[in-house]
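Colleague: I'm new to this one and would like a tour. Put it up on the screen, please, and I'll start asking.

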Amino acid sequence: MWRDEEADPPALTCQVGKTQLSYRLRCIEDLHAMLQAKGDWVPLGAADEQKAAAGGTVEAWGRSPDNPVRGWYGLKKGLRGRFGMYVPPLLEALGLADLEHNPRNNRMRAT
């Protein structure tokens with residue numbers, strides 16, 4: 001993952017094999033703020049863009065009209081999903097969140 005602050009809008013880019021996903025760079029601060037406001041564990045719920053996200057998950061929040069950007073944090077049509085899979089480990093690495101590492105149904109919370 002890397003930051004591209006020169007992009008319009010500024011982006012967080014995630015390279016997964018040959019696939020490149022991009023999310024709004026502000027997702028780091030926005031997701032951390034949402035987790036702080038919740039004050040408890042939030043399920044990740046990763047899903048592709050074409051699949052519905054389970055309610056109450058990080059994935060659902062990352063595409064909700066009620067989040068700070070009023071919709072998708074993902075920037076590339078067709079590859080806007082998987083927010084709940086790729087962004088949470090970055091928040092953990094930055095020391096902004098605790099993340100579970102179970103085989104399935106993982107959750108995260110603000111630190």
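Colleague: In the hairpin of β2 and β3, which residue takes a positive phi?

Modeller: Strands here are DSSP runs of E with at least two residues, while helices are runs of H or I with at least four, both numbered from the N terminus. In this hairpin, two residues sit between the strands. The residue with a positive phi, near 65 degrees, is Gly-17.

Colleague: Before I go on, what pLDDT do local features need in this model?

Modeller: Residues are numbered from 1 along each chain as its sequence is written, and side-chain values use heavy atoms, with hydrogens and water left out. This is a predicted model: totals for chains, interfaces and linings use all residues, side-chain atom pairs count only at pLDDT 80 or more, and local features need a pLDDT of at least 70.

Colleague: Back to that hairpin: how many bridges join β2 to β3?

Modeller: Two strands count as paired if DSSP finds at least two bridges between them. Strand β2 covers residues 11-16 and runs antiparallel to β3, with Thr-13 opposite Ser-22 of β3. The number of bridges joining β2 to β3 is six.

Colleague: What pattern does the protein follow along the sequence?

Modeller: There are three helices and six strands to place. Read along the sequence, they come as β-β-β-α-β-α-α-β-β.

Colleague: In what order do the strands of the open sheet lie?

Modeller: Three strands form it, with antiparallel pairing. The edge strands, each pairing on one side only, are β4 (42-43) and β5 (97-99). From one side to the other, the order is β4-β6-β5.

Colleague: Which residue in β6 is the bridge partner of Val-42?

Modeller: Strand β6 spans residues 107-110 and pairs with β5 over three bridges, and β4 pairs with β6 over two. On the β5 side, Asp-98 stands opposite Arg-109, and Leu-99 has Met-108 as its bridge partner. On the β4 side, the partner of Val-42 is Met-108.

Colleague: What angle does helix α1 make with β6?

Modeller: Angles run from 0 to 180 degrees between N-to-C directions, with axes fitted to C-alpha atoms (for helices, over the stretch in contact). Helix α1, residues 27-38, packs on the sheet and touches β4, β5 and β6, where contact means heavy atoms within 4.5 Å. Helix α3, residues 83-93, lies across β5 and β6, at about 120 degrees to β5. For α1 and β6, the angle is about 85 degrees.

Colleague: How many aromatic pairs are there?

Modeller: Rings of Phe, Tyr and Trp (its six-membered ring) pair if their centres lie within 6.5 Å; planes under 30 degrees apart count as stacked, over 60 as edge-to-face and the rest as tilted. Ring pairs link Tyr-23, Trp-61, Tyr-73 and Phe-83 into a cluster. By this rule, the count of aromatic pairs is four.

Colleague: Why is the pair of Tyr-23 and Phe-83 called what it is?

Modeller: Tyr-23 lies in strand β3 (residues 19-24) and Phe-83 in helix α3, so the pair ties together parts 60 residues apart in sequence. Both Tyr-23 and Phe-83 are buried, which means under 20% relative accessible area (over 50% is exposed, in between is partly exposed; 1.4 Å probe, protein chains only). The ring centres are 5.7 Å apart and the planes stand at 75 degrees, so the pair is edge-to-face.

Colleague: What about Trp-61 and Phe-83: what is the angle between their planes?

Modeller: Trp-61 belongs to helix α2 (residues 58-61) and lies 22 residues from Phe-83, so to speak a link between distant parts of the chain. Trp-61 is buried, as is Phe-83. This pair is tilted, with 6.2 Å centre to centre and planes at 45 degrees.

Colleague: How far apart in space are Leu-96 and Leu-31?

Modeller: Leu-96 is found in the loop between α3 and β5 and is partly exposed, at 24% relative accessible area. Beyond its neighbours within four places in sequence, Leu-96 has contacts including Ile-28, His-32 and Arg-109. Leu-96 and Leu-31 are 65 residues apart in sequence, yet C-alpha to C-alpha their distance is 9.6 Å.

Colleague: Lastly, what share of the residues is buried?

Modeller: The C-alpha trace spans about 35 × 30 × 30 Å along its principal axes. Of the 111 residues in the protein, the buried share is 40%.
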